Amino acid sequence: MRSYRRCRLLVPVLLCALAALAARPTAADKEPGAGGDTGISAEVARLYEDAAVATQQYEAGRKEADEQRAKAQRAEALLDTQRRHIAGLNEDLGRIARAQYRSSGGLPVAAQLILADSPDDLMRGQHAFSQTNLAVNNAISKSRRAEARLTADEAKAAAEWQALEKRNIQLADLKAGIEQKLEEARSQLQGQADASVAAGACRGAVRLDQPDTGFTSAWVAPVETYELSASYGSGGARWSSRHTGQDFAVPIGTPVRSVGTGRVVRVSCGGPFGIEIVLKHAGGYYTQYAHLASVAVDQGEHVTPGQWIGQSGTTGNSTGPHLHFETRVTPEMGSAVNPVSWLKARGVSL
């Protein structure tokens, strides 16, 4: 029963939290001039986090519903077993009654007294039948009480599951609403990025609210959640020679992180890499982050491991949203080394 109370407390809390997320204003809702270009970048970053929270809460609600449905199914199975048990007891009682009828010939007790071989035999037979009858009746009564309890448990479990399903539909709707807002904001962000690239001038750093990462390692992956796509050294019609970096397939607006401590040596727009950032690290190595939609740092700034330095996009020679990440021995193109091996040597496995 504790689990039922926990369900009733947890899901409304999740629902209220997600409702609060959905109620937060988007950049599209703001008055003109209330944020401009920087507003949409910050909005995408916020909605990106909101979508992650919404997904987590929805999955938690789905898990609770699945557990509750399993309880309802177990209760139903137990109830079926109990009903079969009662049916068996009733059959046993019927067999005893039929056997007694055949042995006594259906005669009244007075006639049985006259025809019995001895009073002791008659009493023993009657006593045995009475005891058996009492035992079966007690077993049936006990089983029926158990059936009643199981029926109540089954109904309660089913009601809890149905309530969770209803709440999860609401959670799914709220999640979908956040994701729709995020998609619209991403489209606006990419449009602004394309305009910057066409003009050959970056919009300048958009200061994003940095999360409290709490990284204890000196090196991290350039994005948190991703799928690896084009790898270092791969060939194809898209490149004049071999691919010089590692691509991370991520949606537009995904926060891009500095892989380690370093200094911003380049922020540029235009060219095959679109909007790009180049960082210098200790040991004479450089990292490049390309095809961005926005930047969150200015040239000359110092950055720390995991710090958000920009947002992914699909600017420049890009066939779709992704982050192009390179490791170089100079800040210039043509000096790349395998970024996967370079990160692995520093404790980061992709």
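# Close-up views of a predicted model

**Figure 1. Arg328 and Glu326 form a buried pair.** Both residues of this pair, Arg328 and Glu326, are buried. The view is taken from a predicted model, as are the views that follow. Arg328 and Glu326 are joined by a salt bridge, in which the closest N and O atoms are 2.8 Å apart. Side chains of opposite charge can pair when their charged atoms come close. The structure has 10 salt bridges, and further examples appear in later figures.

**Figure 2. The whole chain gives the setting for the close-ups.** The chain contains five helices and 10 strands. Of its 350 residues, 38% are buried. Its accessible surface is about 18,400 Å², and carbon and sulfur atoms account for 54% of that surface. Among contacts in the chain with a separation of 6 or more, 73% are between residues 24 or more positions apart.

**Figure 3. Two spans carry a coiled-coil annotation.** The unreviewed UniProt entry places the feature "coiled-coil region" at residues 58-92 and 168-195. In the model, residues 58-92 are 100% helix and 0% strand. The C-alpha atoms at the two ends of residues 58-92 lie 51 Å apart. Residues 168-195 are likewise 100% helix and 0% strand, with 40 Å between the end C-alpha atoms.

**Figure 4. Cys202 and Cys269 are joined by a disulfide.** The structure holds one disulfide. The sulfur atoms of Cys202 and Cys269 are 1.9 Å apart. Cys202 sits in the loop between α4 (119-199) and β1 (227-228), while Cys269 sits in the loop between β4 (262-268) and β5 (275-280), so the disulfide ties together parts that are 67 residues apart in sequence. The torsion about the S-S bond of Cys202 and Cys269 is about 125°, which is why the disulfide is called right-handed. The two cysteines can also be described by their accessibility. Cys202 has 29% relative accessibility and counts as partly exposed. Cys269 has 13% relative accessibility; because buried means under 20%, Cys269 counts as buried.

**Figure 5. Ile277, Tyr289 and Ile309 belong to the largest nonpolar core.** This core has 36 residues, and Ile277, Tyr289 and Ile309 are the ones that touch the most other members. At least two residues of the core come from each of α2 (36-104), α4, β5, β6 (286-295), β9 (323-328) and α5 (339-344). The greatest contribution is that of α4, which gives six residues. Another core, of five residues, lies apart from the largest one. Its members include Ala45, Val206, Leu208 and Trp308.

**Figure 6. Glu183 and Arg186 pair within helix α4.** The side chains of Glu183 and Arg186 form a salt bridge, with an N to O distance of 4.0 Å. Glu183 and Arg186 are three residues apart in helix α4, so about one helical turn separates them. Is each partner buried or partly exposed? Glu183 has a relative accessible area of 48% and is partly exposed. Arg186, at 11% relative accessibility, counts as buried.

**Figure 7. Asp298 and Arg207 form a salt bridge between two loops.** In this salt bridge the closest N and O atoms of Asp298 and Arg207 are 3.0 Å apart. Asp298 is in the loop between β6 and β7 (302-303), and Arg207 is in the loop between α4 and β1. The pair links distant parts of the chain, 91 residues apart. Asp298 is partly exposed at 34% relative accessibility. Arg207 is also partly exposed, with a relative accessible area of 47%.

**Figure 8. Glu43, Arg46 and Asp50 form a network.** Salt bridges link Glu43, Arg46 and Asp50 in a network.

**Figure 9. Gly233 lies in a loop.** Which loop holds Gly233? Gly233 is in the loop between β1 and β2 (246-249). Its relative accessible area is 30%, so Gly233 is partly exposed. Leaving aside residues up to four places away in sequence, Gly233 touches Arg242 and His243. Gly233 and Gly245 are 12 residues apart along the chain, and their C-alpha atoms are separated by 7.5 Å.

Technical notes. Residues numbered from 1 in each chain as written. Predicted model: local features only at pLDDT ≥ 70, side-chain atom pairs only at ≥ 80, totals over all residues. Heavy atoms only, no water. Helix = DSSP H or I, 4+ residues; strand = E, 2+ residues; numbered from the N terminus. Buried < 20%, exposed > 50% of the residue type's maximum accessible area, 1.4 Å probe, protein only. Contact = heavy atoms within 4.5 Å. Areas by Shrake-Rupley, 256 points an atom, 1.4 Å probe, with all protein chains shown as cover. UniProt positions renumbered as here; feature names shortened; annotations may be inferred. Disulfide = S-S within 2.5 Å. Core = buried A, V, L, I, M, F, W, Y, C linked by side-chain atoms within 4.5 Å.
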